[in-house]
Amino acid sequence: MRLLQIIGTLDPSYGGPIEALTQGTRTLQMLGHHSETVTLDDANAPWLEEYPGIVHALGPSLGKYRYNSRLVTWLRAHAGSFDAIIVRGIWQYQSFATWIASRKKNFPYFVFVHGALDPWF
């Protein structure tokens, strides 16, 4: 299976979502699946060197929302190459950009909210 994961940042200081994605990527590789990750980080971000999978860094991005005009174009060009797409997080630009790109190219995707809907928030 060819999987694409989309996340705002792979900076380990952001905690759980990045660790979940990192460990999940390692596990998918051990099971023989192909996994690539799109991040809105700058390509020169030091933490990208330690990530275990293929990374497409489209940054730099703007602000905490991580707006990046390149993401929609990239997804429209490449989303069809994957069997499944998983967007990590709902409160940043990557989820909105994926929705925009999917409306024109009609590709399905899943959203992993990473605790953002827990009742104590």
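How many aromatic pairs does a search of the whole structure find? In this model, which is predicted rather than determined by experiment, the search finds 5 aromatic pairs. Ring pairs also join Tyr-65, Tyr-67, Tyr-93, Phe-96 and Trp-99 into a cluster, and one member of that cluster, Tyr-93, reappears in the packing of two helices, where it is among the residues that H3 brings to its contact with H2.

That helix pair can be taken next. Helix H2, which covers residues 70-78, and helix H3, which covers residues 93-105, have axes that come within 9 Å and cross at roughly 45°. Because of this angle, H2 counts as oblique to H3, and the crossing in which H2 passes H3 is right-handed. On the H2 side, the contact is made by Leu-71, Val-72, Leu-75 and Arg-76, while H3 supplies Tyr-93, Gln-94, Ala-97, Thr-98, Ile-100, Ala-101, Lys-104 and Lys-105. Sorted by character, the residues of this contact comprise 7 nonpolar, 2 polar and 3 charged.

The loop that runs between strand S3 (54-59) and H2 contains Pro-60, and the peptide bond leading from Gly-59 into Pro-60 is cis, with an omega near 15°. Arg-66 also has its place in the loop between S3 and H2, and although Arg-66 is a residue other than glycine, its phi is positive, with a value near 65°.

Two further arginines are placed against aromatic rings. The charged end of Arg-2 sits over the ring of Phe-82, at 5.0 Å from the centre of that ring, and Arg-88 lies over the face of Phe-112, where the distance to the ring centre is 4.9 Å.

Conventions. Residues numbered from 1 in each chain as written. Predicted model: local features only at pLDDT ≥ 70, side-chain atom pairs only at ≥ 80, totals over all residues. Heavy atoms only, no water. Axes fitted to C-alpha atoms, helices over the stretch in contact; angles between N-to-C directions. Helix = DSSP H or I, 4+ residues; strand = E, 2+ residues; numbered from the N terminus. Parallel < 35°, antiparallel > 145°, perpendicular 65-115°, else oblique. Left-handed = near helix turned anticlockwise from the far one by under 90°. Contact = heavy atoms within 4.5 Å. Nonpolar A, V, L, I, M, F, W, Y, C, P; charged D, E, K, R; others polar. Phe/Tyr/Trp six-rings, centres within 6.5 Å; stacked < 30°, edge-to-face > 60°. Lys NZ or Arg CZ within 6 Å of the ring centre and 35° of its normal.
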